[in-house]
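Here is a friendly walk through one protein model, written to be read with the sequence and coordinates open beside it. Please take a look at the structure first.

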Amino acid sequence: MTAMPHNETQRRDRLGTAALTEPATLSPSSPAVAAAHVAHTAHAAPSPICVWRHPRPIGAAGRCVGAGCDLAVPARRAKRLARRIQAHARRHRLAHEIWTSPLSRCRAVGRWLRRWGWRHQIDAALAELDFGAWDGRRWADIPKEEIDAWVARFATFAPPGGESLVTLLERASAWSGGTLVVSHGGWMLARRWMNEHPQATPHAHEWPQPPRYGERWTL
C-alpha cells in the first residue's frame, strides 16, 4: 500500500485519480459498512474477468473526473485499445463481446469493436464513482474541509449528491456480466479490493494507485 502524500495538492490529485478516478444512475446501497459486507457475501464469487481501464481522456488533468464528468477520448486512442482487446480475444479464443461503462471514455472503445462485428454491451454498473457536486471541478477549488471529511470517513463519505466508496465496492464486486470489460480506475480498484479484502473496507492511506490508462487487470 502507498502512503498518503503530505502535500495538499498531491493528496487531492491522488485521492481523485487513484481513489476514484470518474453511477451511473444506480440507486446507492446503504452507506453502512456492515450493510455492504452483507450484500457482498450474499453474492456468489464472480468468475474472473479481464478489465481494461479506458484510454486517457481529454481535459482530465487536475480535475475531479467521475461519473458526472463525461470526458471524450481521442479516436486514435480508443481504436488502439480496441485493437489490443481484439488481439487478446483472438489469442485466447474468446467470444467477440465487450462490456463497457456508458461513459464516453469507455463506450468509444466498444464502438470500434462493434464496427468490427463485435457485440457491445453497455452497463451502468461499470461506471465510475459518482462524485456529485465535485464532478468536473478542479481539485484545488474543492474546499479543504470537504476533502478532509472524505479522508476521515473514506469508505462512507459521499460528496454532495454523489455516492460513497462503500457503494462502489459493493457494485463492482457484485458485477457478473461478461468476460471482457472496459471500465474505470476506481471501479477496477474497488473490485480488486473486495477480491483481496472481502471483510474490510479501506482507509484513505490504504487505497492503492490506479491502473495506468489502457492497462488490463484480471479480476
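Strand 2 and strand 4 pair in parallel over two bridges, where pairing requires that DSSP finds at least two bridges between the strands. Strands here are DSSP runs (E, at least two residues) and helices are runs of H or I with at least four residues, both numbered from the N terminus. Within this pair, Trp-99 has Val-181 of strand 4 as its bridge partner. Strand 4 also runs parallel to strand 1 (residues 50-53), with four bridges joining the two. On that side, Val-51 is matched with Val-181 in strand 4.

How are the two faces of strand 4 (residues 180-183) covered? Leu-180 and Val-182 lie on one side, Val-181 and Ser-183 on the other, and all of them are buried. Buried means under 20% relative accessible area, exposed means over 50%, and partly exposed is in between (1.4 Å probe, protein chains only). In a regular strand the side chains alternate between the two faces of the sheet.

A word on the model itself is useful here. This is a predicted model, in which local features need pLDDT of at least 70, side-chain atom pairs count only at pLDDT 80 or more, and totals for chains, interfaces and linings use all residues. Residues are numbered from 1 along each chain as its sequence is written, and side-chain values use heavy atoms, with hydrogens and water left out.

The average pLDDT (the predictor's confidence in each residue, from 0 to 100) is 85, and 79% of the residues score at least 70. Two stretches deserve some caution. Residues 1-11 stay under 50 in pLDDT, and the model gives them 24 contacts beyond four places in sequence; a contact means heavy atoms within 4.5 Å. Residues 17-44 also stay under 50, with 81 contacts beyond four places in sequence. Where pLDDT is low, the predicted coordinates should not be read in detail.

Now for the overall layout. The protein has seven helices and five strands, arranged along the sequence as α-α-β-α-β-α-β-α-α-β-α-β. Of its 219 residues, 51% count as buried. The accessible surface is about 9,900 Å², and 51% of this surface belongs to carbon and sulfur atoms; the areas come from the Shrake-Rupley method with a 1.4 Å probe, and for residues only the protein chains shown count as cover.

What makes up the largest nonpolar core? This core has 31 residues, and those with the most contacts inside it are Trp-134, Trp-139, Trp-150, Trp-175 and Trp-187. A nonpolar core is a set of buried Ala, Val, Leu, Ile, Met, Phe, Trp, Tyr and Cys residues joined through side-chain atoms within 4.5 Å. Helix 5 (144-152), helix 6 (165-174) and helix 7 (185-196) are the elements that give two or more residues to this core. Helix 7 gives the most, with six residues. Apart from this core lies another, of 17 residues, among them Leu-81, Ala-108, Trp-112 and Trp-118.

Ala-82 belongs to helix 3 (residues 75-92) and is buried, with a relative accessible area of 0%. Leaving aside residues up to four places away in sequence, Ala-82 touches Val-109, Trp-112, Leu-113 and Trp-116. Ala-82 and Arg-114 are 32 residues apart in sequence, and their C-alpha atoms are 9.8 Å apart.

Let us turn to charged pairs. Side chains of opposite charge can pair when their charged atoms come close. The count comes to four salt bridges, each being a side-chain nitrogen of Lys or Arg within 4 Å of a carboxyl oxygen of Asp or Glu. Among them are the following:

| Salt bridge | Closest N to O distance |
|---|---|
| Glu-97 and Arg-119 | 3.7 Å |
| Asp-148 and Lys-144 | 2.7 Å |
| Arg-212 and Glu-215 | 3.7 Å |

Glu-97 lies in strand 2 (residues 97-100) and Arg-119 in strand 3 (residues 119-122), so their salt bridge ties together parts that are 22 residues apart in sequence. Glu-97 is partly exposed at 22% relative accessible area, whereas Arg-119 is exposed at 54%. Asp-148 and Lys-144 are four residues apart in helix 5, so about one helical turn separates them. Asp-148 is partly exposed at 27% relative accessibility, and Lys-144 is partly exposed at 42%. Arg-212 counts as exposed, at 60%.

Finally, His-205 sits in the loop between helix 7 and strand 5 (216-218). His-205 is partly exposed, at 45% relative accessibility. His-205 and Phe-154 are 51 residues apart in sequence, and 9.3 Å apart in space from C-alpha to C-alpha.
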